[in-house]
Each structure stands twice: as C-alpha cells, then as structure tokens.
Amino acid sequence: NWDDELPNPVIPDFEKKTGIKVKTTPFSQNEEQINKLQATDGEGFDLCAPTRDRAPQFQELGVLAPYDTSKLNLDNLLPAMLQASTSVWTWDGKLYHVPHCWGSEAISWRTDLAPDLTYDKLSYGTLWAPEFKGKMQGRPHSLLLGIGLWWDKTGKLPSNRMMDAYKDEASMKKIYDQILPFAIENKAQVKQFWDSADNTKSGFMENGCVIGQTWDGPPLSLKKQGKPITYMAPQEGAVAWLDGWSLTKGAKNIPQAYEFLNYIHTPEASAAVADGSGYNPVVKGADKFLSEVAKKNFAEAFPGNALDNLWNRPPEPSWFAELRTQYAEKFKAA
C-alpha cells in the first residue's frame with residue numbers, strides 16, 4: 001500500500017470490526033511496488049495498490065488476478081471513480097482494479113514565506129521564478145511534465161496539453177528534448193527532489209523549501225495541523241490521479257481481501273482515508289463524514305474553474321514509462 005493512504009484509524013477499525021489481521025508493506029513510488037511484485041511474481045501479497053495510469057504496465061506484468069465482481073460492493077462507488085477503473089483496467093472481460101482514493105499534483109508553498117500567490121496568476125512556471133531559486137522541490141519527471149504544461153499554455157511549445165507526448169516515441173522525444181535542457185540549465189532552482197510523502201513534508205518544515213510541485217496529501221495534512229502551508233491548482237490544471245486496489249495472482253487470503261475492500265468502500269472508511277491522508281474519497285456519501293477542515297482545504301485547493309480544468313493522467317504505455325524515467329534520471333544526474 002501507499003505509505004500515507006491507510007492512515008489511522010482505518011486498519012485498527014477494520015481489525016476490530018472483523019478480527020482479520022492486516023499486514024502492510026508500505027511503498028512510496030509505483031516503481032517500488034512494481035519491482036516488489038515482479039520479484040515474487042505477486043507471491044506474498046493479497047492486494048496491491050496501482051495508480052490508474054499504470055494499467056498497460058500491469059497488464060504486461062501478468063502479476064494480477066481478476067476480481068469476482070459479485071463479491072464487491074461496486075454500487076457504493078461514485079460512478080465517475082468506478083468508470084475511471086473499469087475503463088482502463090478491464091481486459092479479457094474481467095476487472096483488475098477498484099478505486100481507493102483520488103488526488104492531484106499541483107503547487108504547494110509556505111504561506112509565511114511566499115504570501116502573494118493567487119489562483120489567477122499561479123502557474124507551473126511560478127516554480128521557476130527567480131525568487132524561488134534554491135527553494136523549490138518536486139519529482140524530476142513531474143517537474144518536466146509541469147514545464148511542458150506551462151509551455152503549452154503560453155504557446156511556447158504546443159503539445160495538446162502534453163497529450164501529444166503519449167502518441168509515440170518520436171513525438172515524446174520531440175517534446176521532452178526541448179524541456180530537458182531548460183530543466184538542467186535551471187537545476188539550481190531545486191532545493192530537493194522529493195520521493196515520498198514524508199520527505200515532501202520535511203522539505204517544507206526542515207529543509208528550506210518554500211514552494212513545490214507536490215501531491216495534495218502531504219501539504220494538506222500539514223495545513224490541517226495548522227502549519228503555514230497551502231496547496232492550489234495552477235492555471236494549467238492540477239494533475240489528477242486515482243489509486244486503487246488490485247488482487248494479486250499469488251493471493252492466499254482471498255475472502256479476507258474481499259472483506260477488506262468492502263470495508264474500504266463504505267462511506268465512513270472512505271472519509272477516514274481522505275481525512276487522514278489529505279486525498280479525496282471515492283464512495284457515495286463519504287462527504288457527509290469528512291471533517292469541516294478537510295472540506296475547507298479542498299475548496300481552497302480548487303478555486304474558480306480548477307475542478308473543470310484537471311489534467312487526468314492518461315494510461316501510460318511501457319515505452320513511455322521507460323523513456324520518461326530516462327529523461328528524469330538525466331535531469332536528476334545533471
């Protein structure tokens with residue numbers, strides 16, 4: 001499971017209700033999860049937690065088992081969230097993924113150190129402003145995507161909101177070969193590359209980062225604790241993602257796995273996941289159980305037309321994932 005997506009008291013409540021003991025193996029990047037599953041051919045895990053856009057990679061890996069949908073309470077899910085899974089995780093007539101929570105990647109910053117940022121002017125380009133030199137954090141591949149979205153919006157590098165990069169290898173290289181030199185030339189902007197929820201938080205609170213391109217969960221959980229941090233979608237659109245659950249072909253505790261999923265797909269549990277992580281629920285009626293703080297943080301993260309302007313990560317072919325990693329590594333190593 002993602003290391004911040006089963007916050008307390010989600011698992012203790014499930015164990016108390018059912019008597020089923022949950023053993024978790026946390027990870028912080030999809031690649032980490034894929035490597036673990038590949039190494040054992042899915043053995044040793046009943047459930048794993050792929051992100052929606054990784055469907056083509058997981059189909060090729062062959063480490064998953066299809067769901068018996070008659071054992072799932074799929075009617076509990078928000079139709080758009082269920083459709084997000086079924087549309088790309090159905091093959092050979094079987095479903096291999098159900099939603100867990102959704103979130104986004106956009107701009108977060110220290111409100112005490114960068115107080116003048118407003119939605120109407122906020123951009124992925126803001127990260128590269130001179131005043132944030134040596135004070136910015138992000139993931140290498142995410143920062144490259146952000147530059148592409150920024151340059152598409154300004155007309156500097158039209159790319160159909162970066163969707164052209166997913167057409168084929170030649171199209172991707174044509175776009176990224178222009179983005180990478182800018183990122184390398186301006187690498188002094190970056191204080192740290194984050195790779196988990198925890199070091200995103202420590203970047204802001206301990207390591208001198210003032211602004212970053214980050215997931216929503218870490219800054220919003222800090223904001224909920226009263227820290228001087230906020231998170232907001234930029235004009236180019238927040239990058240939206242959906243994490244879910246898949247059954248491995250090595251699964252041994254199958255009835256217990258279904259019981260866990262049906263617990264996660266209750267309004268109360270989906271709200272507890274969202275409240276504790278800073279991400280968003282996928283179950284009908286979960287909003288009634290969200291704290292007022294979580295509702296307020298969500299509204300402030302997506303002002304104006306921000307929800308209409310989301311950039312949904314498309315399914316990634318294996319060639320794209322490999323090339324993207326190469327570009328990210330070149331940026332990181334420069």
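How much space lies in the largest cavity? About 180 Å³. The legends below place that cavity in a predicted model.

**View 1. The whole chain, with 12 helices and 11 strands.** The chain has 334 residues and a radius of gyration of 20 Å. That agrees with the value near 20 Å for a compact globule with this number of residues. Along the principal axes, the C-alpha atoms fill a box of roughly 55 × 45 × 35 Å. Of the residues, 57% count as buried. Among contacts with a separation of 6 or more, 75% join residues 24 or more positions apart. The accessible surface comes to about 14200 Å². Carbon and sulfur atoms hold 51% of that surface.

**View 2. The largest cavity, one of two cavities of 30 Å³ or more found in the whole structure.** Its volume is about 180 Å³. The lining has 19 residues. Closest to the cavity centre are Trp2, Asn30, Thr51, Arg139 and Trp215. α2 and β10 (239–248) each supply at least two lining residues. By class, the lining of this cavity divides into 11 charged, four polar and four nonpolar residues.

**View 3. The second largest cavity, with about 30 Å³ of space.** Its lining consists of His141, Leu145, Tyr166, Tyr176, Arg313, Phe320 and Arg324. Two elements give two or more residues to this lining: α5 (140–154) and α12 (318–333). Four of the lining residues are nonpolar, one is polar and two are charged.

**View 4. The largest pocket, with a volume of about 600 Å³.** Its lining has 25 residues. Val22, Lys23, Phe45, Asp46 and Leu47 lie nearest the pocket centre. The elements giving two or more residues to the lining are α2 (30–40), β1 (47–48) and α9 (254–264). The lining holds 12 nonpolar, eight polar and five charged residues.

**View 5. Helix α2, shown with the largest pocket and the largest cavity.** α2 spans residues 30–40 and gives two or more residues to the lining of the largest pocket. α2 also supplies at least two residues of the lining of the largest cavity. Asn30 is among the residues closest to the centre of that cavity. The class counts of the two linings can be read side by side. The pocket has five charged and 12 nonpolar residues. The cavity has 11 charged and four nonpolar residues.

Terms used. Residues numbered from 1 in each chain as written. Predicted model: local features only at pLDDT ≥ 70, side-chain atom pairs only at ≥ 80, totals over all residues. Heavy atoms only, no water. 1 Å grid on protein atoms, 1.4 Å probe; cavity = no way out; pocket = protein on both sides within 12 Å on 5 of 7 lines; lining within 4 Å. Points joined across faces, edges and corners; volume = space filled by probe spheres on them. Helix = DSSP H or I, 4+ residues; strand = E, 2+ residues; numbered from the N terminus. Nonpolar A, V, L, I, M, F, W, Y, C, P; charged D, E, K, R; others polar. Rg over C-alpha atoms; globule rule 2.2 N^0.38 Å. Buried < 20%, exposed > 50% of the residue type's maximum accessible area, 1.4 Å probe, protein only. Contact = heavy atoms within 4.5 Å. Areas by Shrake-Rupley, 256 points an atom, 1.4 Å probe, with all protein chains shown as cover.
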